[in-house]
Amino acid sequence: MKKLLSSLLIISSLLTTGCFFKQQSYQDTRFLMDTIITISVTGKDQAAIKNATDEAFIAFKEVEDETDRYKSHKPRDLYALNQHNGQGPFIVGDHLYKLLLMYKEQPYTALDLSLGPIIDVWRTHGETKTVPSLEEIKTALAKCGRDKFSLDTTNHTVTLTAGSNLDLGAIAKGYAVDYAASVITKNKAVTSALINAGGNIKVIGTKANGKPWRIGIQDPRNPQEILGILEMKNGQAIATSGDYQRYYEVNGVRYCHILDPATGQPARNAISTTVVSSSALTADFFSTLLFVLPHEEAISVVKNTPQIEAIIVNPKGEIYVSPGLRNTFTKEK
Ligand code: ADP
Ligand code: MG
């Protein structure tokens, strides 16, 4: 299923056509990592900022190649690792290894990178708009769990239990946004940039007029409208997880693409979760995690995690805005 719409709308992009204080602007959009990626850059020299943008897309491609579980790209990628399940330690690429290590070092279980088998069950049923039986879910869930893979930190290998299958959809785009941003900022010609990978956004610098970036947060039940506008400063990242872009319905019941690892069922504790952080990976990670957690638990995770601020919409439509965003988020209604 392609993700054709960004979950966040850029209300006011940096692209003030032409020159502003002799600033040049450049924008390019490509389809990578199963989503639309737009990179908008300003800087002193047109050729240099185009070059920086091209390099940032190469960074996305590099991460896609290592983290795509549906297609083989190179010998040490996620596809190859998953094929190697049950066959002992496997050396993986650096991006993949870093992501798996980061995951292993955090304590949460509601975000689980081993959900490949159960994600496949729901994907298959999504194609025919049917609901899997409890037996199917149980069988798939038996192949999932944090303990289904281990890392060897000396040899950078990953060992995957027989029948298991990793899926990095919850965090790969955020990681790629950080990586692309680091590539872009190395280029000294760039004065500002906005990277948007299907709603995983990072901003660099300020807009040409010196004002903060303004990002519209989509209303999960009226995606053509916005809940409000969030102002973002240099270096900030944002990610939104929602049940309104990748889902299907059977008999009026919505089945979204984020699953609760405890039950194997689509998560139903939230309808939209937005996280702001200095790291796009952190924002992506927590937006998915908070989506799965019960509302009060999600709020308590936000309160106990200094690196993040969040906006959480529960199924009743109630909106929680964490204290750190109260001056930067303006509700629309
Ligand atoms: P999106 O990819 O739509 O931007 P997310 O970052 O929230 O949204 O990631 C959702 C993806 O993560 C799913 O498409 C699936 O590949 C995977 N996934 C679903 N549920 C979980 C979960 N509980 N833990 C980890 N990954 C999950
Ligand atoms: Mg995520």
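The paragraphs below lead from the overall fold of this predicted model to the surroundings of its ligand and then to a few individual residues.

The protein chain is built from 8 helices and 17 strands. Its C-alpha atoms, taken along the principal axes, fill a box of roughly 65 × 45 × 40 Å. The radius of gyration of the protein chain is 20 Å, and because a compact globule with 333 residues would have a value near 20 Å, the two agree. Of those 333 residues, 55% count as buried, while the surface that the protein chain exposes comes to about 14,700 Å², with carbon and sulfur atoms supplying 53% of it. Among contacts in the protein chain with a separation of 6 or more, 63% are made by residues 24 or more positions apart.

The environment of ligand 1 is a useful place to look next. There are 19 residues around ligand 1, and of these D167, S241, H257, L259 and T288 come nearest. By chemical character, the residues of this shell divide into 9 nonpolar, 4 polar and 6 charged. Helix 7, which spans residues 280–292, provides the largest share of the shell, with 3 residues. Several side chains place polar atoms beside oxygen atoms of the ligand: in T288, an N or O atom of the side chain is 2.7 Å from an oxygen atom of ligand 1, in D284 a polar side-chain atom lies 2.9 Å from an oxygen atom of ligand 1, and in K173 a polar side-chain atom likewise lies 2.9 Å from an oxygen atom of ligand 1. Taken on its own, ligand 1 has 560 Å² of accessible area, and the protein covers 94% of that area.

D167, one of the residues that come nearest to ligand 1, is placed in the loop between strand 6 (157–160) and helix 6 (172–186). Although D167 sits in a loop, its relative accessibility is 12%, so it counts as buried, the cut-off for that label being under 20%. The side chain of D167 is joined to that of R69 by a polar contact of 3.2 Å. When neighbours within four places in sequence are left aside, the residues in contact with D167 are R69, Y70, L113, G116 and I119.

Helix 7 also contains F285, which has a relative accessibility of 3% and therefore counts as buried. Not counting residues up to four places away in sequence, F285 touches M102, Q106, Y108, L111, A170 and I171. A further pairing brings together distant parts of the sequence, for F285 and Y175 are 110 residues apart in sequence and yet 9.2 Å apart in space, C-alpha to C-alpha.

Helix 3, made up of residues 94–104, has H95, L96, Y97, L99, L100 and Y103 as buried residues. The elements that cover these buried residues include helix 1 (46–67), helix 2 (78–83) and strand 5 (149–152), together with strand 6, helix 6 and helix 7. Helix 7 thus appears both in the cover of helix 3 and in the shell around ligand 1.

Strand 3 holds S40, whose relative accessibility is 4%, so that S40 counts as buried. A polar contact of 3.0 Å joins the side chain of S40 to the side chain of Q27. In the other direction, S40 and W122 are 82 residues apart along the chain, and their C-alpha atoms are separated by 35 Å.

Two residues deserve attention for their backbone geometry. Most residues other than glycine have a negative phi. M33, however, has a positive phi near 50 degrees without being a glycine; M33 is placed in the loop between strand 2 (24–32) and strand 3 (35–43), and because its relative accessibility is 11%, it counts as buried. K129 also has a positive phi, of about 50 degrees, although K129 is not a glycine, and this residue lies in the loop between helix 4 (116–128) and helix 5 (134–141).

Conventions: Residues are numbered from 1 along each chain as its sequence is written. Chains are lettered from A and ligands numbered from 1 in the order in which they are written. This is a predicted model: local features need pLDDT of at least 70, side-chain atom pairs count only at pLDDT 80 or more; totals for chains, interfaces and linings use all residues. Side-chain values use heavy atoms; hydrogens and water are left out. A residue is near a molecule or strand if one of its heavy atoms lies within 4 Å of it. A polar contact is a pair of N or O atoms within 3.5 Å; within protein, one must be able to donate a hydrogen and the other to accept it, and residues adjacent in sequence count only if both atoms are side-chain atoms. Accessible areas come from the Shrake-Rupley method with a 1.4 Å probe; for residues, only the protein chains shown count as cover. Helices (H or I, at least four residues) and strands (E, at least two) are DSSP runs, numbered from the N terminus. Ala, Val, Leu, Ile, Met, Phe, Trp, Tyr, Cys and Pro count as nonpolar, Asp, Glu, Lys and Arg as charged, and the others, Gly among them, as polar. The radius of gyration is taken over C-alpha atoms; the globule rule is 2.2 Å times the number of residues to the power 0.38. Buried means under 20% relative accessible area, exposed over 50%, partly exposed in between (1.4 Å probe, protein chains only). Contact means heavy atoms within 4.5 Å.
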